[in-house]
Amino acid sequence: MKQSDWNDRDIEKLVKKLPKINDGRKPESIYASIREQGEKQRHRKGKRIIPGLVAVAAIMIFTLLSPALLQQSPVEDSRSDQGASMTDESKDLQADKAVSEKKERLSLYENMVEDAEVYTFGLISPEGVPVPVSVTKDLSDGEEWIDGYAQLAKLIPEEELGMEEFVPLEGTASKGYGDDINFTLKEDQPYTGNSAMEYAFYYSLFYSFQGMGFDQVRLEDENGNAPQFSGYGVLKKIELPKNAKQAFFTYSPNGLDHFLVPDNLEYEDLDSAVTSMNESESEFYESTIPEGLNVRVVEKGAYPIISFMNEVHLENMEESEALELIESLLLTARSFGYKQVMFENISEEEWGGFSFNAPIETPIAPNRITLKE
């Protein structure tokens, strides 16, 4: 994310996560040390072992120290004035660009798909949080949906998204009997024997195939036996309900990028799910509903009505937060099987491509990403 894209919420989160610093070294010495450590890490082989927070801290420290380093440079006054002028012009251009660019939709909608196939992958953050991301793919003649799944799993830019290296999973997915998916684990797979890894594996599969028209994922090892897990016991299958009935929250794996993620609880009805969205009981998830904003849901007819008890002015909110508010509610409604939602008590009739004077289409998959060719 560009520095111009940061908002107050992102900066506040980063500052709160930074360790307390009590260091008598000069700024140049601190930065040199950080740079040296970064060079060492880039030359190490294997997966990342330094938490993302350290990298974020380095960026923040460098950002904060840069003005001090510049002030220590012996620059003539005329050059300083010229540089300040250029800096102001650059800031103005960045501000104009930020205003002119509208943030794209966070989720994947039916009108974006056309004839392509939809795929969702369950990624895993450094904190062990499963995060679904979605892509589309045009299949060639003779290709099946499952073929596209295997191809795309190798292309997901996990590190760029702030995630661990987790997909492709250590195993093979294939079309099973009827509407089942078979997943055969490799003999040396790392998922059994550790509860955290088992949880990540379970929901990585669940997010990948739930809502794609399949009934269940059948698990087996290379000998045809059901795998044994420490927490789940013998796990023969993972059920894939048509509607997961979940509530969506916002989650950031690195303090900058944000994703809309379900809390993996099943709710009795949409009103209960939306009520739970006011406050997150997880240390990782955050509510997308601003504090003090009450929401009511009426489920009658073909689509629910989501009413805000206080009039909502989306233009007065950070654009990213307004998008998260609307799309998290839409995703939550979709998880109950609703294809449309009607909003009430939003001041704007049109905002961000949404028309609030009529029912709004719900997304078909969360966290849309575009793969580089």
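A residue is called buried under 20% relative accessible area, exposed over 50%, and partly exposed in between. The exercises below apply this to a predicted model.

**Exercise 1.** Classify Lys186 and Glu170 by accessibility, and state where each of them lies.

Solution.
- Step 1. Lys186 has a relative accessible area of 38%, so it is partly exposed.
- Step 2. Glu170 has 30% relative accessibility and therefore also counts as partly exposed.
- Step 3. The side chains of Glu170 and Lys186 form a salt bridge, at 3.7 Å from N to O.
- Step 4. Glu170 is in the loop between helix 6 (145-153) and strand 3 (171-175), while Lys186 is in the loop between strand 4 (180-185) and helix 7, so the pair ties together parts 16 residues apart in sequence.

**Exercise 2.** How many salt bridges does the rule give? Describe the one between Glu104 and Arg368.

Solution.
- Step 1. The cut-off is a side-chain nitrogen of Lys or Arg within 4 Å of a carboxyl oxygen of Asp or Glu.
- Step 2. The count by this rule is 4 salt bridges.
- Step 3. One of them joins the side chains of Glu104 and Arg368, with an N to O distance of 3.3 Å.
- Step 4. This pair links distant parts of the chain, 264 residues apart: Glu104 belongs to the loop between helix 4 (77-100) and helix 5 (110-113), and Arg368 to the segment after strand 16 (360-361).
- Step 5. Glu104 is exposed because its relative accessible area is 56%, whereas Arg368, at 25%, is partly exposed.

**Exercise 3.** Classify the two partners of the salt bridge between Glu239 and Lys237 by accessibility.

Solution.
- Step 1. The closest N and O atoms of Glu239 and Lys237 are 3.3 Å apart.
- Step 2. Glu239 has 41% relative accessibility, so it counts as partly exposed.
- Step 3. Lys237 has a relative accessible area of 36% and is therefore partly exposed.

**Exercise 4.** Check the end-to-end span of helix 7 and of helix 9, then state how far each is covered.

Solution.
- Step 1. The expected span is 1.5 Å times one less than the number of residues.
- Step 2. Helix 7 (residues 195-209) has 15 residues and should therefore span 21 Å; its end C-alpha atoms are 21 Å apart, in agreement.
- Step 3. Helix 9 (residues 319-334) has 16 residues, so 22 Å is expected, and the distance between its end C-alpha atoms is 22 Å, which agrees.
- Step 4. In helix 7, 11 of the 15 residues are buried, among them Glu198, Phe201 and Tyr207.
- Step 5. In helix 9, 13 of the 16 residues are buried, so the helix is largely enclosed by the rest of the structure.

**Exercise 5.** Which residues gather in the patch of negative charge on the surface? Place Glu114 and Glu117 in the structure.

Solution.
- Step 1. The patch consists of Glu114, Asp115, Glu117 and Asp138.
- Step 2. Glu114 is in the loop between helix 5 and strand 1, and at 70% relative accessibility it counts as exposed.
- Step 3. Glu114 has a positive phi of about 55°, although it is not a glycine.
- Step 4. Glu117 is part of strand 1 (residues 117-124) and counts as partly exposed because its relative accessibility is 32%.

**Exercise 6.** Where is Asn345, and what is its phi?

Solution.
- Step 1. Asn345 lies in strand 13 (residues 340-346).
- Step 2. Its phi is positive, about 75°, although Asn345 is not a glycine.
- Step 3. With 33% relative accessibility, Asn345 counts as partly exposed.

Key. Residues numbered from 1 in each chain as written. Predicted model: local features only at pLDDT ≥ 70, side-chain atom pairs only at ≥ 80, totals over all residues. Heavy atoms only, no water. Patch = residues over 30% accessible without salt bridge, like charges linked within 9 Å, V, L, I, M, F, W, Y side chains within 5 Å. Areas by Shrake-Rupley, 256 points an atom, 1.4 Å probe, with all protein chains shown as cover. Lys, Arg positive; Asp, Glu negative; His and termini not counted. Charge placed at Lys NZ, Arg CZ, Asp CG, Glu CD. Helix = DSSP H or I, 4+ residues; strand = E, 2+ residues; numbered from the N terminus. Buried < 20%, exposed > 50% of the residue type's maximum accessible area, 1.4 Å probe, protein only.
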